[in-house]
Amino acid sequence: MTAKPTGLLGHRYQLKELIGRGGMASVYRAADNRLGRDVAIKVFTTVAIEQDDIQRQQAEINVLASLSHHSLVTLFDVGVHRATPDRRQIFLVMELIDGVDLRERLLEGPLSVRNISQVGYDLAEGLEYIHGRGIVHRDIKPANILLAQYSSRFRARAKLTDFGIALSPASERLTNGGMTSGTAAYLSPEQARGEEVGPPSDIYALGLVLLECFTRELAFPGQPVPAAVARLLRDPVIPASISPAWRDLLSTMLARDPADRPDIGEVVLALRQAVITETGRHRGEETSPLVTDEAGRMAAVARLQILDTPPDGTFDRITALAARIFSVPISIMSIVDQDRIWFKSHAGLDLEQISRDPGLCASAIMQDRPWVIEDARTDVRALANPLVSGGFGLQFYAGVPLRTRDGFNLGTLCVLDFEPRTVTDAEIETLGDLAALVMNELELRLEYGRDLTRPAPASAGAP
């Protein structure tokens, strides 16, 4: 174990507490006195440094310095610290991630399928970036995946770190012939055989990590050699409790033959769709249990007798008011049926209904709060939606569920735009108030027995 370096590193970095330690280096939180910020500094050991170790350290520097992506930890600076007159230490100055690594997170408790999808999508994007530059990471494991929490409003972003044994076009293979690099529990079969590896090896390791996110258990536990050999003899067990779509994806990523695995572009697309699908579903404990009762929800829709009813002046004035308040071209009062979204009232749109599948309202009713997509061009929940990617050109959506008194979401009051935009809490509160007016009118009509199949006067219930 190497003692913590003393004094300023590079004449500007003051080491603080130790935050991680590996076989070749220690990582510290440090203060950058020049820029007034905290950073992470990886200091390589000075004990028994061989020429191969120096080459490996320099290789990591070269790899990291060439990369810039939101799913990778950013390298800020490199330097050499003179520990003693005859000993020097290479150090890397990196982005400090506020958050835990995936290994620690899995020890805390299970991840939702939505969170697993998001972690997988982030990592796949990062791998697509490095593979496109001829780099193979070769050591993907939960301990090398940091979960950055930039803001309490947004989910954590997974970031890949530790490129110490990565292969780049400019680096040589530094292991001896037949010697395996990587962590035994996450080796690909070709790594376990000591063969040359390529991008499929990273895809296999990512598959093992995602499988562990579901099970919170190693697919190949035990001592390094038996664990490495085990994957040559059998495929990892994928529990039947995992959805068919996820089982199919994991089984292809974990194929023993590298040629049978999907390329990283296919993995990115599959995981992006998984994020979209899981975001549109209920969110476990964050969602009202009543929202997940589709039969009960449809019974509430039928009870109000609102489907396929004539235009209604009351609701038309509310949607027109929402469009004016938000300065958007389209506002809709929607009711989500079993296989379609019925537009009971709409401003700026000459359309009565659409299929339920592409409609964002079908996702919004699965939430217990407003559902806002400020820029559909970059929001993974909407990227693959045909209303966004197709000719319609939707770029902004904000919807508030129309909720009955007993907790069922019938549809939404929503506003749409063809340009990205931001909304304030006050605006969302106003949209919620308008949605409450809609539901108050519906509940009053049901209570007093008014026939919703007859159009209301244009001024009835106008705000």
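In which strand is Lys-42 placed? Lys-42 belongs to strand 3, which covers residues 37-44. The structure discussed here is a predicted model.

## The annotated lysine

UniProt, in an unreviewed entry, assigns the feature "binding site" to Lys-42. In the model, this residue has a relative accessibility of 10% and therefore counts as buried.

## Aromatic pairs

A pair of aromatic rings is described by the distance of the centres and the angle of the planes. Searching the whole structure yields four aromatic pairs. One of them joins Phe-214 and Trp-246, with 5.0 Å centre to centre and 70° between the planes, an edge-to-face arrangement. Phe-214 is part of helix 5 (residues 199-215) and Trp-246 is part of helix 7 (residues 244-253), so this pair ties together parts that are 32 residues apart in sequence. The two partners are also described by their accessibility: Phe-214, at 23% relative accessibility, counts as partly exposed, whereas Trp-246, at 4%, counts as buried.

Trp-371 and Tyr-397 form an edge-to-face pair because their planes lie at 70°, with the ring centres 6.1 Å apart. This pair links distant parts of the chain, as Trp-371 lies in strand 11 (residues 371-373) and Tyr-397 in strand 12 (residues 396-403), 26 residues apart. Both Trp-371 and Tyr-397 are buried.

## Charges over rings

Two arginines place their charged ends over phenylalanine rings. Arg-37 has its charged end over the ring of Phe-76, at 4.1 Å from the ring centre. For Arg-421, the ring is that of Phe-396, and the charged end sits 5.3 Å from its centre.

## The largest nonpolar core

The largest nonpolar core holds 46 residues, and Leu-102, Ile-145 and Trp-246 are the ones that touch the most other members. Two or more residues each are contributed by helix 2 (102-108), helix 3 (113-131), strand 6 (145-148), strand 7 (157-160), helix 5, helix 7 and helix 8 (264-280). Helix 5 supplies the largest share, nine residues.

What does Ile-145 contact once its neighbours within four places in sequence are left aside? The residues in contact with Ile-145 are Val-100, Asp-101, Leu-102, Leu-123, Ile-140, Ala-158, Lys-159, Leu-160 and Val-209.

## Two sides of helix 7

Trp-246, already met in an aromatic pair, is one of the buried residues of helix 7, together with Leu-249, Leu-250 and Met-253. Viewed down the axis of helix 7, the buried residues fall within an arc of 95°, so they line one face of the helix. Pro-244 and Asp-248, on the other side of helix 7, are exposed.

## The second core and Met-439

A second, separate core contains 30 residues, among them Phe-315, Phe-408, Met-439 and Leu-442. Met-439 is located in helix 13 (residues 425-447). With a relative accessible area of 6%, Met-439 is buried.

Which residues does Met-439 contact beyond its neighbours within four places in sequence? These are Leu-402, Arg-403, Thr-404 and Leu-410. For Thr-404, the C-alpha to C-alpha distance from Met-439 is 6.8 Å, although the two residues are 35 residues apart in sequence.

Definitions and conventions: Residues are numbered from 1 along each chain as its sequence is written. This is a predicted model: local features need pLDDT of at least 70, side-chain atom pairs count only at pLDDT 80 or more; totals for chains, interfaces and linings use all residues. Side-chain values use heavy atoms; hydrogens and water are left out. Rings of Phe, Tyr and Trp (its six-membered ring) pair if their centres lie within 6.5 Å; planes under 30 degrees apart count as stacked, over 60 as edge-to-face and the rest as tilted. Helices (H or I, at least four residues) and strands (E, at least two) are DSSP runs, numbered from the N terminus. Buried means under 20% relative accessible area, exposed over 50%, partly exposed in between (1.4 Å probe, protein chains only). A charge sits over a ring if NZ of Lys or CZ of Arg is within 6 Å of the ring centre and within 35 degrees of the ring normal. UniProt positions are given in the numbering used here, feature names are shortened, and annotations may be inferred rather than shown by experiment. A nonpolar core is a set of buried Ala, Val, Leu, Ile, Met, Phe, Trp, Tyr and Cys residues joined through side-chain atoms within 4.5 Å. Contact means heavy atoms within 4.5 Å. The arc is that of the directions from the helix axis to the C-beta atoms.
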